[in-house]
Protein chains: 2
Amino acid sequence: MSGEVHAAHHVPQKVTQTPRRGGNGRTGRDAYDLATVLAIAVAAFNEHGYEATSMGILAERLGTSRSAIYYHVTSKEDLLRLALDRALDGLEGVLLEPGATVGPADQRLRHVLRRAVEVLVEELPFVTLLLRLRGNTEVERSALDRRRRFDHAVTKLIDAARDQGAVRTDVDAGTTTRLLFGMINSIVDWYRPGGALSTSQLADDVIAVALSGISRQEIRRPGA
Amino acid sequence: MSGEVHAAHHVPQKVTQTPRRGGNGRTGRDAYDLATVLAIAVAAFNEHGYEATSMGILAERLGTSRSAIYYHVTSKEDLLRLALDRALDGLEGVLLEPGATVGPADQRLRHVLRRAVEVLVEELPFVTLLLRLRGNTEVERSALDRRRRFDHAVTKLIDAARDQGAVRTDVDAGTTTRLLFGMINSIVDWYRPGGALSTSQLADDVIAVALSGISRQEIRRPGA
DNA sequence: TGGTACTTACAGATCGTTCAGTAAGAGAGT
DNA sequence: ACTCTCTTACTGAACGATCTGTAAGTACCA
């Protein structure tokens, strides 16, 4: 039924940190591209919160003027929409992968958890922004709506794994799902790629703790 | 002058939703008390974010004027400080309880987890505000500092339980702790007291999933 | 010459906060 | 019972700063 998640609209944009001055491109003056503006904006949004971040701060960080930004985007909210689309495109893409659509439910669940962690790390600032939304404007509400649909797809996966006998039944299904999401989503609050913990190891750890908890394990077969 | 308001520490204040008109208290006019103003303010802060919430919105919700609020508090930041103090007082109180200080580490850990969930629910709006801080102002940074000290105390408990052999060692201690906190803290994003799930049951579920994960359990003795 | 990427200048609104003034009850004095 | 004074709890206007967004002009390059 409802799982019709929109496919990735376009290829993830390369975020170039430096303005391409003068010659290499094709055009006029300093030439910040949209991706740069967006990357700086999202970083600032995550530091101060979207509404508390002024276009003046963005301009300062870009080394340009407030109004120059309006050459690249039509509004502040436009920046937000662009950023949220990117996060959501990435997450929804996971659900379309073969590993998420074929095979036993518990294996599909493992695949989605692992890939969700990976996308979350790849698109860290964008997903961070998404996860901190309040839903005050229409843009925010529609992003939250897409996020809810994603969550719901994962919930159905957990339900399937439960029917299959792979998930505990002494805790309510909704509670299980929410606690699981809480654990995964918290990654944006502390994980920074490039440190001692690799993304791959992080994904392993998340799956291990999510499935088996923090207690010391007895004999446990890898299949369940 | 009115600076020395300092939240009545541990005793949870009654939040009266209605202004006490006329006679019972002292004198004057409508007489909103600090607790009412604070409750309304925190609710608004959680909905729109602290910085995005204007004094005008608070005044509107209180049915009064912006300037009237300044009779009760010295500044907008003062409201924030009061709210954060309340959340932190509650959480820190848990660490002082006998159940958190005496006995085997794994039992103390269980106690702290359960009580942390309970305080989190009791003081839901205040803790919610705390958990969404960015650390931009001095008030926010000092609150985050207190929160880090609380987290660190729990981390030490987990370490003790690990030394005792109750916690898995195949996942890094720091990662374990952060995933655990992520799970617990996420409660503020979805749990609302008064529903089908009681606070006590929620605490049970959190402990069950935190310790043993979402997988179907084999034989597992309640002690570990 | 024409498009690109701006800059300067500003409109209009809203922000947190201050301040002078005031309505109304409480207590004291008579 | 009556006034007088003091305290409480505001009201309403105004302040300077800052906010998003726009309009018009301009430097640069092909």
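Here are some short exercises, each with a worked solution, on a predicted model.

**Exercise 1. Describe the overall make-up of chain A: how many helices and strands are there, and how many residues count as buried, as a percentage?**

Solution. Begin with the secondary structure: chain A holds 11 helices and zero strands. Reading along the sequence then gives the pattern α-α-α-α-α-α-α-α-α-α-α. Next comes burial, where 34% of the 224 residues of chain A count as buried. Finally, look at the contacts in chain A with a separation of 6 or more: 61% of them join residues 24 or more positions apart.

**Exercise 2. Follow helix 8 of chain A from end to end, and find which helices its buried residues pack against.**

Solution. Start with the length. Helix 8 covers residues 138-163 of chain A, which is 26 residues, and its first and last C-alpha atoms are 37 Å apart. At 1.5 Å a residue one would expect 38 Å, so the span is close to expectation. Now pick out the buried positions: Ala143(A), Phe150(A), Val154(A), Leu157(A), Ile158(A) and Ala161(A). These buried residues pack against helix 4 (76-96), helix 6 (105-122), helix 7 (124-131) and helix 9 (173-185) of chain A. After the helix comes Gly165(A), with a positive phi near 95°.

**Exercise 3. Helix 4 of chain A meets both helix 8 and helix 7 of chain A. Work out whether each pair is roughly parallel or roughly perpendicular.**

Solution. Take helix 8 as the partner to begin with. The axes of helix 4 and helix 8 of chain A come within 10 Å and cross at roughly 10°. Angles under 35 degrees count as roughly parallel, so helix 4 of chain A is roughly parallel to helix 8 of chain A. The residues that meet include Leu80(A), Leu84(A) and Leu88(A) from helix 4, and Ala143(A), Arg146(A) and Phe150(A) from helix 8. By class, this contact has nine nonpolar, no polar and five charged residues.

Now turn to helix 7. Its axis lies 8 Å from that of helix 4 of chain A, at an angle of about 105°. An angle of 65 to 115 degrees counts as roughly perpendicular, and therefore helix 4 and helix 7 of chain A are roughly perpendicular to each other. Here Ala83(A), Leu84(A), Arg86(A), Ala87(A) and Leu88(A) of helix 4 meet Phe126(A), Val127(A), Leu129(A) and Leu130(A) of helix 7. This contact divides into eight nonpolar, no polar and one charged residues.

**Exercise 4. Find the operation that lays chain A on chain B, then say which helix of chain A supplies the largest share of the side that touches chain B.**

Solution. A turn of 180° with a shift of 0.0 Å along the axis lays chain A on chain B, with an RMSD of 0.1 Å. That is the relation of a two-fold axis. The same surface serves both copies, as 100% of the contact residues of chain A recur in chain B.

Next, count the contacts: 38 residues of chain A are in contact with 38 residues of chain B. On the chain A side, helix 1 (34-48), helix 9 and helix 11 (199-212) each supply at least two residues. The largest share, nine residues, comes from helix 9 of chain A. By class, the residues of this side are 17 nonpolar, 13 polar and eight charged.

**Exercise 5. Which helices do the buried residues of helix 11 of chain B pack against?**

Solution. Helix 11 of chain B has 14 residues. Its buried residues include Leu202(B), Val206(B) and Val209(B). The buried residues of this helix pack against helix 9 and helix 11 of chain A, together with helix 6 and helix 9 of chain B. Just after helix 11 of chain B, Gly213(B) takes a positive phi of about 80°.

Note on methods: Residues numbered from 1 in each chain as written. Chains lettered and ligands numbered in written order. Predicted model: local features only at pLDDT ≥ 70, side-chain atom pairs only at ≥ 80, totals over all residues. Helix = DSSP H or I, 4+ residues; strand = E, 2+ residues; numbered from the N terminus. Buried ≥ 20, exposed ≤ 12 C-beta atoms within 10 Å, placed from the backbone. Contact = placed C-beta atoms within 7 Å. Least-squares fit on C-alpha atoms with pLDDT ≥ 70 in both. Nonpolar A, V, L, I, M, F, W, Y, C, P; charged D, E, K, R; others polar. Axes fitted to C-alpha atoms, helices over the stretch in contact; angles between N-to-C directions. Parallel < 35°, antiparallel > 145°, perpendicular 65-115°, else oblique.
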